[in-house]
Amino acid sequence: MGNSSSKLEKALAEAPEDERYYGLENFGNTCYCNSVLQALYFCKPFRERVLRYGASLPSNVEENLLNCLADLFMQINSSKKKTGVISPKKFVQRLRRDNELFRGHMHQDAHEFLNYLLNQSCELLEQEAKNAQGGGGGGQQAGAGGQPQRPITTWVHEIFQGKLVNETRCLHCETVTCREEVFMDLSLEIDNNTSLTSCLRNFSSMEMLDRDDKFFCDHCCCLQEAKKRMLLRSVPPCLILHLKRFKYVEAQGRLRKLMYRVVFPMELKLPNTTTDDDPGAADTLYTLSAVVVHVGSGPHHGHYVSLIKSGGQWLFFDDENVELISESQVQSTFGSTSEYGQNNMDHGYLLFYERAGA
Amino acid sequence: MNNYSQSDRDRGARNRFKTAPFNYQRSTRLTLANLQVGSEVDGAWIIFNVGDYVHISPYNATHKDPYKSIQFTSPVRTGYPTCHAYLSARDGVDLLVGLGDGTVMLLSLRVQLSTGSKPAPVPVATLTPEGVSETTRVTAVAWVPRSDAGLFVAAYSSGNIYVYKKAGAGRGRPGETHLTGEGSGKFSLSLGSRDKAQAPSSTIQISGGGINDVAVSPDGRQLAAACRDGALRLLDLATGTVQCGFSSYYGALLCAAFSPDGKYVATGGEDDLVAVAGTEPGSGSRTSLTEQLAPATRIYRLGSAGQDCQLCLWDVQAPGEGDINSGAALLAQMSIAGGGGMKRNGSMGMLGGSNPRMSVGGLEAGSGHGGHDRKASLGKSTGICPSLPRLDMAIVQPIMEHKLHAEPMSDLLFTEGAIFTADHSGNIRTWARPQQDGGSSSD
């Protein structure tokens, strides 16, 4: 172990002086957690805010998921050595106490964990902001009955949140109804031998609402046939894309993993942005910064690792192991070219893109 | 360290992850060879690489077992063939094969076809430039037309392009040891060649983060390099200087091809776009464009083979109004539509009027000349036009798109009578073209 870490240290000689590369111990199937934590740690805007948040905490603060995360990040960041292994024990214990979903020793979905962590962080920050504003103010959830409180935009929102607009055109009166939604990540349906760009385009392709699925048009005041599509209205500094590799197969009554080959580029511009109110959104350039990879043939077992770009180099994080890899090894996680292809078990699952120059 | 090994922890999978050879780098490419040396092996051949082999099949029998298979055994794992090129030559040294370990072999197709059952290559020369390690792939090799197979180029994933002059060829000594391009001074020769005259006459280094493909113009003067940084760079082959170029919308460019008349260059890239641009460097292009106004309705047929297993064909119209300000302004951009995301690999060829050679794919094309004065807004210093905003790209549909292979496609080749397509697992298919436009040229 000491040997391999010194080898890595040598390889990382050109890496930034203040960057730390730490493996994370596994506590029994916590690779779903470790892989996502690494991707988030190397998401610079997020890490900076977490560290700042951690530094600002009073020493007697009540333990919660977010300050456990901050503790962990600070522990990594302030380590003397460049490489090593750290135990995220406190964080994992907190996670298991907070949510029974993650309590067992079963294989978990990394996307579900990411979702939970980000939402939980938002909630905790909102709560803190409310407490700070209204001095507690009694009513926590309902806004104390007074004026409807404006949703608080936390720094987690600032980093990851984007806006979607749901455009529905009534085919009878041609009225377009727009409904705005926010997202922390985009979940994309996938096909075999396709590209991420194509998946994004499909995400925003026109959908017919007819038969049993008609649209209630406010203008016509009745159900009408309509066309619907979802476009991106604003895009976040850090864009998380989730490839829906775990699909429920009705005929079999169970989840199945789709091994499909989905090519994701090292750079990305979103093809499905609206052009009306933010023309700049269309040509925002993103660069791939991290990939959470699911290794294995099925949804209920397997392993998660993450591939992370730091200081111009790609690194491979597999629980306590950290290694340098090449870009072509990142490309080997695109998937299998044939539907039930067994030629490749490593599949890009969560993709982290950061706005270039952000 | 193994205290935490879990029941479901697939250690086998982990190891596989680290060593899995990614077939994208071993993609099959196609080369057409027309052997006319007055021997029994005269005729047209299709050369293609699969794994460690380069196969040679008769032109009309690619569906059968190859006539000859050359196995490239190498002590290093990356010593498999990655690219090849053929140009008929008087001295019989007409076949180039580039390997994943950085080696380029010069072979004679006639000799390879005539040797007995031994599947080994019989190289006339083996070139391994100094500084090239086994992790530096040869990504493309190309003969320079009109040099009587006297000049050829080899492009590397590291970003170097070596221009070699074959001994005895080229009485005019076209490439007399030019050392051009940035940083070329540090280049030194060390050829593991039996023929000491096989020396690179020049080396060109491009700051493009590596080169994925190169193409040489039909007149042998220009070189188009599809770079990993997303730029297509057009170079003057004699001096190695970058004349002009353009950037992808995003991501790396993967392939490049000239139109048969050399007026246009087409690229395919990770942005799921096929782009076509003029090759005239900046100044004076305006006049030359207006001059050709009369016959301007020339249509170029472009083909593309994508990783979405689809072959696409487009018709690209040469500009009639001549509003291209800089030589490399985009003429058209084509993007993969709906189900067709892909990266194209391998070469991309263009078919003009009636000519051979093309490949690689996408759909929806956009005519992007948009009237912008790009000279005023050059994003990069070297005369590389930045890409157009998406809104300014007009979208053009392909005239045909079809899923032809079960695996991602890797190359395609136009000949007078047919289109050959190849996929990553080495399947070759032939598609007859309608017989009509006579009077075509071949190379």
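## Salt bridges, cores and exposure: how each name is earned

In total, 17 salt bridges are counted over all chains. This is a predicted model, where local features need pLDDT of at least 70, side-chain atom pairs count only at pLDDT 80 or more, and totals for chains, interfaces and linings use all residues. Residues are numbered from 1 along each chain as its sequence is written, chains are lettered from A and ligands numbered from 1 in the order in which they are written, and side-chain values use heavy atoms, with hydrogens and water left out.

Q: What makes the meeting of Arg47(A) and Glu19(A) a salt bridge?
A: A salt bridge is a side-chain nitrogen of Lys or Arg within 4 Å of a carboxyl oxygen of Asp or Glu. For Arg47(A) and Glu19(A) the N to O value is 2.9 Å, so the pair fits the rule.

Q: Why can one say that Arg47(A) and Glu19(A) tie together parts of the chain?
A: Arg47(A) lies in helix 3 (residues 44-56) of chain A, while Glu19(A) lies in the loop between helix 1 (2-11) and strand 1 (21-24) of chain A, so the pair ties together parts 28 residues apart in sequence. Helices here are DSSP runs of H or I with at least four residues, and strands are runs of E with at least two, numbered from the N terminus.

Q: Why is Asp213(B) called buried?
A: Buried means under 20% relative accessible area, exposed over 50%, and partly exposed in between (1.4 Å probe, protein chains only). Asp213(B) has 2%, so it is buried. Its salt-bridge partner is Arg29(B), at 3.8 Å, N to O. Arg29(B) is buried too, with a relative accessible area of 11%.

Q: How do you know whether Cys221(A) is buried or exposed?
A: Its relative accessibility is 57%, so Cys221(A) counts as exposed. The residue sits in the loop between strand 8 (215-217) and strand 9 (222-224) of chain A.

Q: What makes Lys244(A) fall between those classes?
A: With 31% relative accessibility, Lys244(A) counts as partly exposed. Lys244(A) forms a salt bridge with Glu189(A), the closest N and O atoms being 3.0 Å apart.

Q: What makes a set of residues a nonpolar core?
A: The members are buried Ala, Val, Leu, Ile, Met, Phe, Trp, Tyr and Cys residues joined through side-chain atoms within 4.5 Å. The largest such core has 61 residues, and Phe91(A) is one of those with the most contacts inside it. Helix 6 (residues 110-134) of chain A gives the largest share of this core, nine residues.
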